[in-house]
Amino acid sequence: MYLKNENLVIRQADENDAKILCKWWNDGKIMAHAGFPKGLNVDIDELIDTLSNETSNARRLIIEIDNKEIGEMSYKIVNKIAEIGIKICDFTYQEKGYGTKAIELLIKYLFEDMKVNKIILDTNLNNTRAQHVYEKIGFKKKGIRIDSWKDQLGVLQSTVDYELNREYEK
């Protein structure tokens, strides 16, 4: 899988990306918004194994700007519904519109090539920047789950659920 829009590329992650993914996932500053302020303690060998066993219905993706890895995305398809996630991991590339462009590329791919009927995602209630992006793209807020899980520090967190149907208007 390879998607491109000007200098932005989304490509399938492979074994060669395990090192950068581990760096990002084990960095508490990068992972704090997702509830992991201590990082994930990911083992590189396990990650390489995971990446090498992915299928077309569940992929980890790398986001590049001008051939530099800046973040990652993922999707998992079950019953024509794709659940997606995105993270711009290089802070110097945040708030520049790259996340929006990357999500729009992935949406087009999932609806047109993978023939999904709906795309869902969730985000932390405190992540208002992400919520703004999702709503700008056309995602509809489906609900808020208050105190739905505890982060690594034992703090209760709330989640906002979003969905986008194939018929969405941009």
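Which residues have the most contacts inside the largest nonpolar core? They are Y75, I84, I103, L110, I119 and F139, in a core of 35 residues. A nonpolar core here is a set of buried Ala, Val, Leu, Ile, Met, Phe, Trp, Tyr and Cys residues joined through side-chain atoms within 4.5 Å, and buried means under 20% relative accessible area, with exposed over 50% and partly exposed in between (1.4 Å probe, protein chains only).

The model is predicted, and local features need pLDDT of at least 70, side-chain atom pairs count only at pLDDT 80 or more, while totals for chains, interfaces and linings use all residues. Residues are numbered from 1 along each chain as its sequence is written, and side-chain values use heavy atoms, leaving out hydrogens and water.

**The cores**

The elements that give two or more residues to the largest nonpolar core are β2 (8-12), β3 (58-65), β4, β5, α4, β6, α5 and β8, where helices (H or I, at least four residues) and strands (E, at least two) are DSSP runs numbered from the N terminus. Its largest share, nine residues, comes from α4. Apart from neighbours within four places in sequence, I119 is in contact (heavy atoms within 4.5 Å) with A82, I84, I107, L110, F111, F139, Y162, E163 and L164. A second, separate core has twelve residues, including A13, C22, W24 and C89.

**Aromatic pairs**

The structure holds four aromatic pairs, and two of them are set out below. Rings of Phe, Tyr and Trp (its six-membered ring) pair if their centres lie within 6.5 Å; planes under 30 degrees apart count as stacked, over 60 as edge-to-face and the rest as tilted.

| Pair | Centre to centre | Angle between planes | Type |
|---|---|---|---|
| Y93 and Y98 | 5.9 Å | 50° | tilted |
| Y134 and Y162 | 5.8 Å | 65° | edge-to-face |

Y134 lies in helix α5 (residues 128-137) and Y162 in strand β8 (residues 156-165), so this pair ties together parts that are 28 residues apart in sequence. Both Y134 and Y162 are buried, and together with F139 they form one aromatic cluster. Y98 is also buried, with a relative accessible area of 16%.

**The largest pocket**

Y134 appears again in the lining of the largest pocket, which has 42 residues, with H33, I86, K87, N127 and Y134 lying nearest the pocket's centre. The residues of this lining divide into 19 nonpolar, 13 polar and ten charged; Ala, Val, Leu, Ile, Met, Phe, Trp, Tyr, Cys and Pro count as nonpolar, Asp, Glu, Lys and Arg as charged, and the others, Gly among them, as polar. A pocket is an open set of points on a 1 Å grid over the protein atoms alone, where a 1.4 Å probe fits, with protein on both sides within 12 Å along at least five of seven lines, and lining residues have an atom within 4 Å of a point.
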